[in-house]
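Open the model in your viewer and keep the sequence panel beside it. We will go from stop to stop, selecting as we go.

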Amino acid sequence: MAGLSAEAAWRCAVNSAANALIEDGPSSFSLPLGTIQQIEAGRAVVIQNWLSPEECNALRDDVKECFQAGKFTNFVLSRNTRKADRAANDRWIMPSFSKRDGKDGPFVDPSVGNIAVRQKLKARMAEIKAVLATQLNDRPTLSYDIQQTHEMEYLRYGTGAFLQRHTDEHHIELKYPNGSKLPKKPNASRRSVTWMVYLNDDWNELDGGQLRLHERKQPSVSCVGARGGDLQVGWLKADVQNGEEPVFLDPLREGPENENCMLYTVDSDGNKRDLSSKPFANIALYLGGGDAMARKFMVENRSDAARLHLIDAPKSLVSSVLPPNIDPAGEDGGERTRDVVPRAGTLVMFDSVSLPHEVLQTQKERFGVQGWFHEKLQS
């Protein structure tokens, strides 16, 4: 791959891995039994000792050297509403490319640190991306030759840093009003699968910094994330008669201007069911008030309304300044929390759309690598 840009080299590696799967079969690259089913059910996959101690040592030495050399930039994904001290935002990344201009970042710069150990990790992640493209439901574009899909970065948390609850990808209608009607760049992509690898070899639960996953108590009865271009925005909570059903948003139904949104769900047999008889106003997606407001404006059936929960509901002005909900069952009582201790060699993967997560406050310096496998943004 000499002479190729980092971007082109990544796409070539994914393509080569995908071709090897076609020629040699699934046994050429394998993931633990149940990996695909867990991701599609809205759960995180946690693989202990995915990297060897030797690989972790090499990456950890490199990430520390790069940080000391000033190759990282500070990031603030969500500011502390209670104005905590600067330690809370002591989070730093060394990205593979700039989201602003698309230029290669220091993670893929051969003049920065030990590029060989990073290239080795990229090759392994390319293999996993190819496997997921062939085995996850309706995500073949994970292995397509699309630019800006090698999003990965070194990660460093200082003592006292944490990251509030969030999801890594959202429906375009939740990013921009009427975003689905805006022209898209050729081969535009979105985050599809989140992954992270931890590098600290001396970590225990008292050191904090756990990845806290806000999973549903019951696994989804059908595949999470998206149906074509309709990304998931919520759930119908499981009850005595029904399983946990993902809820998707179709923003392009026929109707009056700016009244084109429809929620629908898909059951275990793949049957699609609309949650109202006519589309609702797009502006309803931006109304604060959480689940209560969504149940009032977005669904018709009372039993559906009682079960509806939005993954990331807009907050009212009042709720935005109140302390966060710390109930492990979540706003609707349908969640559970699962903590992952960031020990060296552990690989975590989950759907980028459906699984909220956070990082608990660290008690000492924490290092890792994180990334997102992209798929093509469908019309």
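Which residues of helix H6 (residues 290-297) are buried? Select Gly290, Asp291 and Ala294: these are the buried residues of H6. Buried means under 20% relative accessible area, exposed means over 50%, and partly exposed lies in between (1.4 Å probe, protein chains only). They cover an arc of only 95 degrees around the axis, which puts them on the same side of H6. That arc is taken from the directions from the helix axis to the C-beta atoms. Now select Ala292 and Lys296, which are exposed on the other side of H6. Add strand S13 (308-310), which is part of what covers the buried residues of H6.

Some ground rules before moving on. This is a predicted model, where local features need pLDDT of at least 70, side-chain atom pairs count only at pLDDT 80 or more, and totals for chains, interfaces and linings use all residues. Residues are numbered from 1 along each chain as its sequence is written, and side-chain values use heavy atoms, with hydrogens and water left out. Helices (H or I, at least four residues) and strands (E, at least two) are DSSP runs, numbered from the N terminus.

**A pair of helices**

Select helix H3 (residues 53-68) and helix H4 (residues 115-135). Their axes come within 9 Å and cross at roughly 125 degrees. Axes are lines fitted to C-alpha atoms, for helices over the stretch in contact, and angles run from 0 to 180 degrees between N-to-C directions. H3 and H4 are therefore oblique to each other. Under 35 degrees counts as roughly parallel, over 145 as roughly antiparallel, 65 to 115 as roughly perpendicular, and the rest as oblique.

Now show side chains. On H3, pick Glu55, Ala58, Leu59, Asp62 and Cys66; they meet Val117, Arg118, Lys120, Leu121 and Arg124 in H4. Contact means heavy atoms within 4.5 Å. The residues of this contact between H3 and H4 divide into five nonpolar, no polar and five charged. Ala, Val, Leu, Ile, Met, Phe, Trp, Tyr, Cys and Pro count as nonpolar, Asp, Glu, Lys and Arg as charged, and the others, Gly among them, as polar.

**Two asparagines with positive phi**

Most residues other than glycine have a negative phi. Go to asparagine 49, in the loop between strand S1 (45-47) and H3. Its phi is near 55 degrees, a positive value. At 63% relative accessibility, asparagine 49 counts as exposed.

Next, find asparagine 258 in the loop between strand S10 (245-250) and strand S11 (262-266). Asparagine 258 has a positive phi of about 65 degrees. Its relative accessibility is 34%, so asparagine 258 counts as partly exposed.

**Three single residues**

Select leucine 231 in strand S9 (residues 230-236). Is leucine 231 buried or exposed? Leucine 231 is buried, at 4% relative accessibility. Beyond residues up to four places away in sequence, leucine 231 touches several others, including His170, Phe248 and Val353.

Move to arginine 212 in strand S7 (residues 211-216). Draw a distance to glycine 229: the two are 17 residues apart in sequence and 28 Å apart in space, C-alpha to C-alpha.

Last stop: asparagine 19, in helix H1 (residues 6-24). Draw a line to alanine 130. The two are 111 residues apart in sequence and 8.7 Å apart in space, C-alpha to C-alpha.
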